[in-house]
Each structure stands twice: as structure tokens, then as C-alpha cells.
Amino acid sequence: MSFSDLYDSGFRKRNEDHFASIVRVAMDDGVISDKEKAFLDRLARNLSISAEDYEIILGDYMSHPINPPTTYDRRLERLYDLTRMIHIDHDFEEEEPLLIRLSIGLGFATSNAPYVAHKALTLVREGADIDTFQDEIKNMSR
């Protein structure tokens, strides 16, 4: 096995675990809505999750470990990516509840998640780049 094969399998496994974590958040209420399903479909494509792996993960998402980002900057990067994906084809009022749940799943405090989600959606809607996004979220309380 070559070094590149090891890297590829590790990257794929991390994407699958990340996807399973998002499925777990979507299943928090016991049902995946049509909007959540559309988001999961798009997320699977973006993470290069095969159709076969997609079905396996949906059926057994609890067997995958939760691997939250280990640093605040990585958490903000993931929040930025997820916010952009959610924002693509939803309207603002429908996006916020899903993003609040995802924010909590990423490790933001339950009491802060609504504020973080609202700010994240506002920044993405305004076209903020990743650096501006991170700076604004880090300094929300100014």
C-alpha cells in the first residue's frame, strides 16, 4: 500500500465520520425532513461519499465516531462550510433552525448557538470570505 493510499483512506474515513455526525444531528428529532435530506444529499456529494456508503451511513450512523474539530479555528471553518451549503437553496428563516442544531453539534454552547447561527447566516448571505467570517464570529460580542 502506498503512502497516498493511506492518506486517501484516512481522508475518506474522516469525511464519512463527519457526514455521519451531521446525519446524527439531522436525526435528533427522529425524522429527516425533505429539506434535511436535500442538504444531506448535497453534503454527501461535496464530501465524495458514494451512494453505497451514503445508504450504509444513513442506516447505521450511530456506529461512526463523533470527531468534532479540535480547535476553535477548525470549528469555524467547518461552520463556514456548512453555512454556505445550507444557504445555497433555502430561505433565511428555514436555514436557521438547522444551523443552530449543527452549531451545537460542532461544540458551540447551546445558549450561544442561536446567535452564532444567525451571525453565520448573515455573513454568508453578505458574501463574507472565510477570514472575515472567522474574525466576525470570534468578535461577535464587541
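Visitor: Which residues of α4 are buried?

Guide: This is a predicted model, and burial here is a computed value. A residue counts as buried when its relative accessible area is under 20%. In α4 the residues that meet this are R75, L76, R78, L79, Y80, L82, T83, M85 and I86.

Visitor: How many of the residues of the chain count as buried?

Guide: Of 142 residues, 38% are buried. The surface can be read as well: the chain exposes about 8,200 Å², and 52% of that area comes from carbon and sulfur atoms.

Visitor: What pattern does the chain follow along the sequence?

Guide: Read along the sequence, the pattern is α-α-α-α-α-α-α. The count is 7 helices and 0 strands.

Visitor: Why does the distance between the end C-alpha atoms of helix α4 agree with the expected span?

Guide: The expected span of a helix is 1.5 Å times one less than its number of residues. Helix α4 covers residues 72–87, 16 residues, so it should span 22 Å; its end C-alpha atoms are 22 Å apart, which agrees.

Visitor: What share of the contacts joins residues 24 or more positions apart?

Guide: Take the contacts in the chain with a separation of 6 or more; residues 24 or more positions apart account for 66% of them.

Visitor: Now the pockets. How many residues line the largest pocket, and which lie nearest its centre?

Guide: The lining has 17 residues, and R14, N15, H18, R74 and R78 lie nearest the centre. The elements that give two or more residues to this lining are α1 (3–26) and α4. The space in the largest pocket is about 440 Å³. R78 thus appears twice, among the buried residues of α4 and among the residues nearest the centre of this pocket.

Visitor: Which element gives the most to that lining?

Guide: α4 does, with 6 residues. To read the character of a lining, sort its residues by class. The largest pocket has 6 nonpolar, 5 polar and 6 charged residues in its lining.

Visitor: How much space lies in the second largest pocket?

Guide: About 200 Å³. This pocket is lined by 15 residues, with S21, V25, I66, G105 and L106 closest to its centre. The elements that contribute two or more residues are α1, α4 and α5 (92–106).

Visitor: What classes make up the lining of the second largest pocket?

Guide: By class there are 8 nonpolar, 4 polar and 3 charged residues. Helices α1 and α4 each give two or more residues to this lining, as they do to the lining of the largest pocket.

Note on methods:
Residues numbered from 1 in each chain as written. Predicted model: local features only at pLDDT ≥ 70, side-chain atom pairs only at ≥ 80, totals over all residues. Heavy atoms only, no water. Helix = DSSP H or I, 4+ residues; strand = E, 2+ residues; numbered from the N terminus. Buried < 20%, exposed > 50% of the residue type's maximum accessible area, 1.4 Å probe, protein only. Contact = heavy atoms within 4.5 Å. Areas by Shrake-Rupley, 256 points an atom, 1.4 Å probe, with all protein chains shown as cover. 1 Å grid on protein atoms, 1.4 Å probe; cavity = no way out; pocket = protein on both sides within 12 Å on 5 of 7 lines; lining within 4 Å. Points joined across faces, edges and corners; volume = space filled by probe spheres on them. Nonpolar A, V, L, I, M, F, W, Y, C, P; charged D, E, K, R; others polar.
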